[in-house]
Amino acid sequence: MVPTRSEFIHQGLPGKVAFYVLILASTAYAAWRFWQRVQTWRQGKPVTWKQDWIGNVTRYIVTQRKVRASRPKSGAPMHLLIFYGFVALLIATTLLAVNSYSPFKFHQGTYYLVYEATFDSLGLLLVIGVVWALARRHGFRPSVVSHEWKDLWALYLLLALGITGYVVEAARIANDPKPWDHVSWVGNAIAQLLPTVSDGAYVGIWWFHSILVMVFIVGLPHMKLKHIVVAIPTAAGVPARPMGHLEPISMEEVEKTGQIGVAEAKDFSRWHLMSVDACMECGRCTEVCPANGVGKILNPKRVAQDVLAASQTGANVPTAISEEALWACTTCNACVEACPVLIRHVDLIVDARRNLVAEGKLSGTAAVMLRQTGSTGHAWGAARGTREEWMKGQEVPLAKDKKEFDTLFWVGCAGATDPGAVKTTKAVAELMRQAGVDYACLGNEEQCTGDSARRVGDEFLFQEMAAQNVATFSKYQFKRIVTPCPHCFNTLKNEYGDFGGEYEVVHHSQLIAELIDEGKLKPAQAQEGGVTYHDPCYLGRVNNESDAPRKALGEETRLNDYGDAIQREVLDGNRKNITEPENYGKKTLCCGAGGGRMWMEEEPNQRPANRRAEELIATGAKTVALGCPFCRIMLDASVKQVGGDEINLVDLAEMVRDANK
Ligand code: SF4
Ligand code: SF4
C-alpha cells in the first residue's frame with residue numbers, strides 16, 4: 001500500500017458541492033472587503049519613492065526583523081511562533097490544493113510521509129504561540145498589551161483552528177487507521193485518546209473545522225488579524241529614505257493643489273494610508289512615546305487610528321488627530337522604531353503640522369522661533385554677526401580665509417551662542433587643533449539648518465535655509481562636515497541632498513572615535529562617581545550611532561539593532577563600564593526638545609526631560625555625558641528640578657578634551 005490519504009472522506013457529491021460553494025463565497029466576500037480597503041488607500045497620492053520589495057519582504061516579513069526588535073520582549077517569540085506556525089499551515093494547505101486541482105499528483109509515498117511529519121510538527125508552533133498570547137492577556141499582561149474582546153476573539157478563533165485541525169486528523173486516524181499514521185505524531189497521539197469514531201462523527205468534526213476556517217476568512221478583513229494581509233505590501237513598499245529624512249514638498253505641487261501639507265486623508269500617499277490600515281493596535285508605539293509617557297494627549301497609536309478613520313470618513317486630519325496632540329510630538333521617532341508594521345507616525349504628524357502652519361494655526365513661542373529663523377538666520381534670534389563671538393581668545397580658522405580645507409566645522413545655532421553648548425564647541429575646536437585636523441568654520445556665514453522649522457511644519461522656511469546654506473557651502477572646497485548637533489547632523493546628512501547638497505557629514509563623537517583609532521587622541525578618563533551616557537534621539541535612534549560616543553568615553557561597544565550590547569569592553573582595563581540607563585542606544589528616551597518642542601511651552605509636570613533626568617539619575621552615576629546641545633539645555637533644567645543637584649552634565653567632547661590636556 002502506498003502511503004497517502006484521500007480528501008472528502010465519507011462525503012458524497014452534496015458535501016463536496018456545499019464545501020466549494022461556502023469556501024468560494026467566504027473567500028469572495030473577504031476579497032471584496034479587502035478590495036474596498038484598497039479603494040480607500042487609492043484615494044491617496046501615488047507613491048514617488050523607489051521600493052525594494054524583495055529586500056523589504058525578506059527583512060520585515062520573512063525574518064520578522066521589526067518584531068524581533070520590539071518590546072516587550074515576551075511579545076517577539078510569541079509572535080514568531082504564531083507567524084511561522086501560520087505560514088507552515090498555509091504552505092501545507094497550498095501544497096494540498098496544488099495536488100488536488102492540478103495535473104501533478106504527488107501527495108503520496110515518501111513525500112506524503114515527510115509532509116505529514118513536517119507540518120504536523122510545525123502546526124504546533126501556532127498552537128503554542130496562541131496559548132502564549134492568551135496567557136499574556138489573561139495572566140501576565142504587560143501594560144502595553146490590550147485586553148479587548150476583539151483581540152481575544154481573534155486569538156480564540158486561531159486557537160480553535162489549530163486544535164480542530166489536529167482533532168480532524170485524529171478522528172480520521174481513529175476512524176480508518178493506516179500503518180503510517182505514526183508520522184502524523186500529534187494527530188496520532190490524540191487519536192489514541194479517542195473512542196472509535198464513526199463515519200458520521202468524522203464528517204461532523206470535519207465540517208466543524210471547515211466552518212471555523214470559513215469564519216476566519218470572512219472575519220479577516222474586519223479583525224486586527226487583517227495585518228496578516230496588509231502588513232505585507234506595507235513592508236514591501238516602505239520608504240527607502242532614512243528615518244530622519246522627511247519627504248519634501250515642492251512649490252509646483254502646492255500651486256497645483258492650492259494646499260500645503262495634509263488636510264484630508266487623500267493628501268497622504270497611498271502607502272501611508274495603507275500602512276495605518278495595517279495597525280494592529282498593539283500599543284508599542286504609545287508605550288515608548290515620551291510625550292504620552294508624561295501624560296500628554298499625544299498617543300501615536302491613536303494617530304494611526306485617527307488617520308485610518310479619516311481615510312474612511314473624509315474627516316479633516318488635523319482635527320481628527322487634534323491640534324494639541326500634533327504639537328506635542330518631539331519627532332523623536334521612538335514610535336516609528338517600535339512599530340512592527342513600519343508605520344511612519346512622524347511623516348503623518350509633520351504633514352498635518354505643515355497644513356496647520358500654512359493655515360496660520362501656530363502661535364506663541366514656536367511661531368516666534370520661525371520668525372527669528374527667517375529674519376536672523378538663528379533659531380533663538382541671535383543677531384547676525386554674533387556667531388563668531390565664541391571664538392574670541394582662540395585661533396579658529398574661518399572658511400572665508402582658508403577657502404580649501406578638509407573638514408568644515410558646522411557649529412549650529414546653540415553651539416554658537418548658548419553658554420553650555422559653546423563649551424562643547426570650544427572643546428571640539430581644541431581637539432581638532434590638537435589632533436591636527438585641517439578644519440575651518442563658517443562663522444557669521446553660518447545660518448540655521450532649518451531643522452526645527454521643518455519639523456514644526458514650516459517646510460518652505462526650511463527649504464529657504466537649506467538653499468542659502470548650500471550656496472554658502474558651494475563657495476568652499478572641503479571633504480566633509482563635522483557637527484556637535486545631532487539635529488544639524490541629521491538634516492545636513494539626510495535631507496540637504498534633496499536641495500543639491502550631498503555631503504559626507506559626521507557627528508563630533510564619530511570624529512573623536514576616528515582620532516582615537518588613529519592614536520591622535522586619548523578617550524575620556526574615568527570619572528569619580530561613574531559615568532552614564534544619554535543617547536540623543538537624532539544620533540542613537542534616527543542615525544543608528546551609539547558606538548562612537550561610547551568609544552569617546554572609553555568603551556569599545558557594539559549595540560545591535562535591538563538596543564542590546566553585543567560587545568562591551570573598556571579601552572583601558574582599570575575603569576568601570578558606562579552605566580547604562582533603562583533606555584539607551586536605539587531605544588533611548590527623548591529629552592523633549594526635538595520637533596520644535598524646544599520652543600514650545602511645557603507644563604512643569606509634563607516635561608519629558610524630567611522623566612529622562614530621573615532615569616539618568618537612577619543609574620547612580622554622578623556624570624551624565626551628552627552629545628547634543630538640545631539635550632543639554634533640556635536636561636540642565638530638569639536634572640535640578642528632579643533633585644539631581646550633584647549631577648555633572650557635560651558633553652563628551654569636553655571630557656575628551658580634559659583627558660588630552
Ligand atoms: S501604530 Fe504600530 S506600534 Fe502603534 S499600535 Fe499600531 S501597529 Fe502597534
Ligand atoms: S515621534 Fe516621539 S513624541 Fe512623536 S509620537 Fe512618536 S514617540 Fe511620540
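Buried here means under 20% relative accessible area. That cut-off matters for what follows, since this is a predicted model and much of the picture turns on which side chains are covered. R455 sits at 2% relative accessibility and therefore counts as buried. This arginine is a handy place to start, as its salt bridge leads on to several other residues.

R455 pairs up with E495 in a salt bridge, with the closest N and O atoms 2.8 Å apart. The arginine belongs to helix α23 (residues 451–456) and the glutamate to helix α25, so the bridge ties together parts that are 40 residues apart in sequence. The pair doesn't stand alone: salt bridges with shared partners join D351, R354, D451, R454, R455, E459 and E495 into one network. In the model as a whole, the salt-bridge count comes to 40.

E495 itself falls in helix α25, which covers residues 486–495. Its relative accessible area is 0%, so E495 is buried. Leaving out residues up to four places away in sequence, E495 touches G244, H245, L246, R454, R455, F462 and N490. The salt-bridge partner R455 is thus one of the residues on that contact list.

T491 is another member of helix α25. Like many a covered side chain, it deserves a look at its surroundings. T491 has a relative accessible area of 0% and is therefore buried. With residues up to four places away in sequence again set aside, T491 touches T449, D451, R455, F462 and Y496. R455 and F462 turn up among the contacts of E495 and also among those of T491.Two further salt bridges make a useful pair to set side by side. In one, the side chains of D306 and R302 meet at 3.4 Å, N to O. These two residues are four apart in helix α14, which means that about one helical turn separates them. In general, an α-helix has 3.6 residues a turn, so residues three or four places apart point the same way. As for cover, D306 has 14% relative accessibility and so counts as buried, while R302, at 41%, counts as partly exposed.

The other bridge brings together the side chains of K402 and D438, at 2.6 Å from N to O. Here the pair links distant parts of the chain, 36 residues apart: K402 is in helix α20 (residues 399–402), and D438 is in the loop between α22 (419–435) and β2 (439–441). Both ends have some accessible area. K402 is partly exposed, with a relative accessible area of 31%, and D438 also counts as partly exposed, at 29% relative accessibility.

Next comes helix α11, which spans residues 270–277 and is mostly covered, with seven of its eight residues buried. The buried ones are W271, H272, L273, M274, S275, V276 and D277. Their cover includes four other helices: α1 (13–42), α9 (227–236), α14 (300–313) and α18 (345–358). Helix α14 is also where the D306 and R302 pair is found.

The loop between α11 and α12 (284–288) holds G283. With 8% relative accessibility, G283 counts as buried. G283 and T63 are 220 residues apart in sequence, and their C-alpha atoms are 22 Å apart in space.

G283 also features in the surroundings of ligand 1. There are 13 residues around this ligand, and C279, C282, G283, C285 and C339 come nearest. Sorted by class, the shell has eight nonpolar, two polar and three charged residues.

Finally, the surface carries a nonpolar patch made up of W149, W153, I211 and V215. Together these side chains account for about 440 Å² of accessible area. Helices α6 (149–175) and α8 (199–219) each supply at least two residues of the patch. V215 is found in α8, and at 34% relative accessibility it counts as partly exposed.

Technical notes
Residues are numbered from 1 along each chain as its sequence is written. Chains are lettered from A and ligands numbered from 1 in the order in which they are written. This is a predicted model: local features need pLDDT of at least 70, side-chain atom pairs count only at pLDDT 80 or more; totals for chains, interfaces and linings use all residues. Side-chain values use heavy atoms; hydrogens and water are left out. A residue is near a molecule or strand if one of its heavy atoms lies within 4 Å of it. Ala, Val, Leu, Ile, Met, Phe, Trp, Tyr, Cys and Pro count as nonpolar, Asp, Glu, Lys and Arg as charged, and the others, Gly among them, as polar. Buried means under 20% relative accessible area, exposed over 50%, partly exposed in between (1.4 Å probe, protein chains only). Contact means heavy atoms within 4.5 Å. Patches are made of residues with over 30% relative accessible area and no salt bridge: like charges are joined within 9 Å, nonpolar side chains (Val, Leu, Ile, Met, Phe, Trp, Tyr) within 5 Å. Accessible areas come from the Shrake-Rupley method with a 1.4 Å probe; for residues, only the protein chains shown count as cover. A salt bridge is a side-chain nitrogen of Lys or Arg within 4 Å of a carboxyl oxygen of Asp or Glu.
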